[in-house]
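Biologist: I am new to this structure and would welcome a guided introduction. Please display the model before we begin.

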Amino acid sequence: MPPGSSRLSNLLTQPLRLPRRSVWTSLVAATVLLLAVGATVVSGARRFVQDTRWVGHTHATIEQISRLYARIRDVESAQRGYLLTGHIDYLSQLEVGAPEVEALGRGLIDQVRDNAAQHARAREIATLAVERVAISRQTAALYQEQGLASAQREVASNRGKRVMDHVVELMRAMEAEERRLLAQRETASDASAWRLQWAAALGIGLSLALIGIVFWLMLRENRVRRLAERRAASSSAQLAESVEALRLAGARLHELQRGASMLQSCRTTDEAMDIARQTFTRLFPDLGGGIYLTRASQNLVELRIDWGDAPTDCAQVMSPNDCWAVRRGQPHTVDDSRNGSLCAHLAAGADAAPFAATCVPLVARGETLGLVHLAGSRDTIAAHAELVLAAAEQLSLALSNLQLQETLRVQSIRDPLTGLYNRRYLEESLERELARCARRHQPLAVMMLDLDHFKRFNDTHGHDGGDALLGHVGRLLDALCRGEDIACRYGGEEFILILPEADIEVARTRAEQIRSAISELQILHLRRSLGPVTCSIGVAASPMHADAASALVQAADAALYRAKNAGRNRVEIA
Ligand SMILES: Nc1nc2c(ncn2[C@@H]2O[C@H](COP(=O)(O)OP(=O)(O)OP(=O)(O)O)[C@@H](O)[C@H]2O)c(=O)[nH]1
C-alpha cells in the first residue's frame, strides 16, 4: 500500500456533522417568535389606541355636558337679566342660546349613542334642557306681554328651577358615570400600555436571543464547513499524492519486471551486469551503487559494476567478511554513515556529507553469489527498501541461472576427468577455427597426442592410477596452451590440440615442449610416485596437409601412428 493511503481512507470515511437542523429550527423559532411578538404588539397597540380613543370620548362627553350646562345657565342668566333690566340684548341672548342648547343636547345624545344608559340620560337631559329654555322664553314673553309681576310669578312657581335641578341631577349622574368609565378606560389603557411594553421587551429580548443562537450556530456551521473544505482540500491533495505514488510504484514495478525479464534472457554475466546497471539506474535514479560478485574461488568478492554518484568509495576486491550483508546472509542498512556500522568495503570520504547505505546479499540456492550495494539519502533508501530486495532477488535468480547454464555448458563441452574440452567440442571448434584461419589466410596446426603404454600403466597402477595420470596430463596441456589454443581429450588416453594460426614448424616446436614436459611429469597418487610416462605426438597443418577438419585429424593420426612405430616418445610431422 503506498504511503498515506491509510490516512486517506480515514479522512474519507470520517463523518463531518453540520448543525444544519439546529440552525433551521432556531431560525424558524426566531421567525415564529418575531411574528408572535409583532402580532402581540400590533394587537396591543390597537387596543391601546382604542382605549385611548375611549378616554378621549369620555373627556369629550364630559366636556359636552359641561358646555350644555353652561349654555343652559347662559339662557337662564339672559332671562334673569331681561327681567331685571328689561334690556332687549338679554332677550336676543336668550333667543340665540335656545337653538344652541337644542344643538348641544342633540350632540350629547349622539355622543353617548354607544352606551344605552347614558344615551337614555342624554335624551332626557336634552329634552329637559329644551324644556328649561322654553320656560325661560315663556317667562320673557310674559314679561313682554303682561309685565314684570306676571313674569315674577312664573319665576316664583319654581317650574324652571325644578326642571333645571332635574337636569343638573341627570348631568351629575351622567358625568359620574362618564368619570367612572374614564377611570375604567384609563386603567384598561394603562394595562394595555404595560402589556404592550412587556410584550415588546420580552419578544424583542427573546428574538434577539434566538437570533444570537442562530448567529452562533451559523458561525459554528461556517467553522465546520471551512474545516470540511480544508479536509476535502487536504484529502484531494493526499489523493493526488497517492495516485502519483501508485503511478510511480506501477512504473517501477514495470521497470523491475522488464529488467527481470531481460536478466533471464542474458547469456553471459557481463550482459547481466549491463542490464542490472540499467535497471538499477532507472529504478533508483537518486541512488548510486554497485554490484559485487563472488569469485569462483569463493574467497574474494569483486566489484563488477558501479553507477551513479555514490557518496562512498567502494573497494574493488574484498573478503566476504568485509560486508555485513554477506557475512550475515541478510540485508544490512545503515541510516547514518557517521553513526552506523558501515561495511568495511565502503568508505565515506573525509568531507562527504552523511549518507545512508544498504547492502543486499545476492543469494540463490543457498549460495552467496555476491551483493548489491546502494547509497544515498536516508529517506530514499528507506522508501525503496522493498524494491531493492525485489530487484536483488531477480538479479540473484538471473545470476544463478547463468551459473547453472555455464555449468551445464561446461559439462556438455568439457571432459570431467581431465577438465579439457571433449570430442564433440573439438569437432565443432575445429571446423570453425579452420574456416576462420582460411578467411585470414593463416595456417592451423593439429597435434594428436597419445600416452605410451598406457595399458601397462593401468595394469601396474590400477585404473585409478591411470585416471590420476590422465588428470595430470590434462592440467599440464591446459597450462601449456596459449589463450587461443584448444586442448581436447579425444578419447581414452588420446588428446588433440588445435593451434590456430600456427604453422607446422611452430607446431613441431610446441609438440616437442609438450612431449618433454610430459616425460618430466612427477605423478603422486595415494602418496606413491607413479613413475615416468612418455607420449607420442603426430602433427599436421592446414593448408599444408589437408584443408578439411577430418582429413587434418587423419593426417595427424597417421603421423602419430608413425611416431608409435618409430619407438614412441617422439614427435612426427604428417
Ligand atoms: N584408467 C583409464 N584407462 C583408460 C581410459 N580410457 C582408456 N583407457 C585404457 O587405455 C588403454 C589403452 O591401451 P592401448 O590402446 O592398447 O594403448 P597403449 O597401452 O597406450 O599402447 P600404445 O598406445 O601403443 O603405447 C586401455 O587399456 C584402456 O582401457 C580411462 O579413461 N582411464
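Biologist: Among contacts in the protein between residues at least 6 apart in sequence, what percentage join residues at least 24 apart?

Modeller: This is a predicted model, in which local features need pLDDT of at least 70, side-chain atom pairs count only at pLDDT 80 or more, and totals for chains, interfaces and linings use all residues. Residues are numbered from 1 along each chain as its sequence is written, and side-chain values use heavy atoms, with hydrogens and water left out. Contact means heavy atoms within 4.5 Å. Among contacts between residues at least 6 apart in sequence, the share joining residues at least 24 apart is 68%.

Biologist: How many helices and strands does the protein have?

Modeller: Both kinds of element are DSSP runs numbered from the N terminus, helices being H or I of at least four residues and strands E of at least two. Counted in this way, the protein has 14 helices and 15 strands.

Biologist: What percentage of the 574 residues is buried?

Modeller: A residue is buried under 20% relative accessible area, exposed over 50% and partly exposed in between, with a 1.4 Å probe and protein chains only. Of the 574 residues in the protein, the buried part is 41%.

Biologist: Which residues does UniProt list for "transmembrane region"?

Modeller: UniProt positions follow the numbering used here, feature names are shortened, and annotations may be inferred rather than shown by experiment. In the model, the span concerned is 100% helix and 0% strand, and its end C-alpha atoms lie 31 Å apart. The unreviewed UniProt entry gives this feature as residues 198-219.

Biologist: Why are α3 and α4 described in terms of their relative direction, and what is that direction?

Modeller: Two packed helices are described by the angle between their axes and the distance between the axes. Axes are lines fitted to C-alpha atoms, for helices over the stretch in contact, and angles run from 0 to 180 degrees between N-to-C directions; those under 35 degrees count as roughly parallel, over 145 as roughly antiparallel, 65 to 115 as roughly perpendicular and the rest as oblique. Helix α3 (residues 88-111) and helix α4 (residues 116-146) pack at about 170°, with axes 8 Å apart. The two helices are therefore roughly antiparallel.

Biologist: How many nonpolar, polar and charged residues does the contact of α3 with α4 have?

Modeller: The contact includes L91, L94 and E95 of α3 and H119, A122 and R123 of α4. Ala, Val, Leu, Ile, Met, Phe, Trp, Tyr, Cys and Pro count as nonpolar, Asp, Glu, Lys and Arg as charged, and the others, Gly among them, as polar. By class, the contact has 13 nonpolar, 4 polar and 4 charged residues.

Biologist: Which residue in β2 stands opposite I291?

Modeller: Strand β1 (residues 288-294) has 7 of its 7 residues buried, with G288, G290, Y292 and T294 on one side and G289, I291 and L293 on the other. Two strands pair if DSSP finds at least two bridges between them. Strand β1 is joined to β8 (residues 367-376) by 6 antiparallel bridges, and to β2 (residues 301-307) by 6 bridges, again in the antiparallel sense. Opposite I291 in β2 stands I305.

Biologist: What is the order of the strands in the open sheet of 5 strands?

Modeller: The edge strands, each pairing on one side only, are β10 (486-491) and β15 (571-573). Within the sheet, β9 (residues 444-451) and β14 (residues 535-542) pair in the antiparallel sense over 8 bridges, while 5 bridges join the antiparallel β10 and β11. Pairing in the sheet is mixed, and the order is β10-β11-β9-β14-β15.

Biologist: How many of the 6 residues of β10 are buried?

Modeller: Helix α11 (residues 423-439) packs on the sheet and touches β9, β10, β11 (494-500) and β14. Helix α12 (residues 454-480) lies across β9, β10 and β11. Strand β10 is largely enclosed by the rest of the structure, because the number of its residues that are buried is 5 of the 6.

Biologist: Is L526 buried or exposed, and with what relative accessible area?

Modeller: L526 lies in the loop between β12 (524-525) and β13 (528-529), and its phi is positive, near 50°, in a residue other than glycine. Most residues other than glycine have a negative phi, and most peptide bonds are trans. L526 is exposed, with a relative accessible area of 70%.

Biologist: The peptide bond from S542 to which residue is cis?

Modeller: The residue in question is found in the loop between β14 and α14 (549-565). With omega near 0°, the cis bond runs from S542 to P543.
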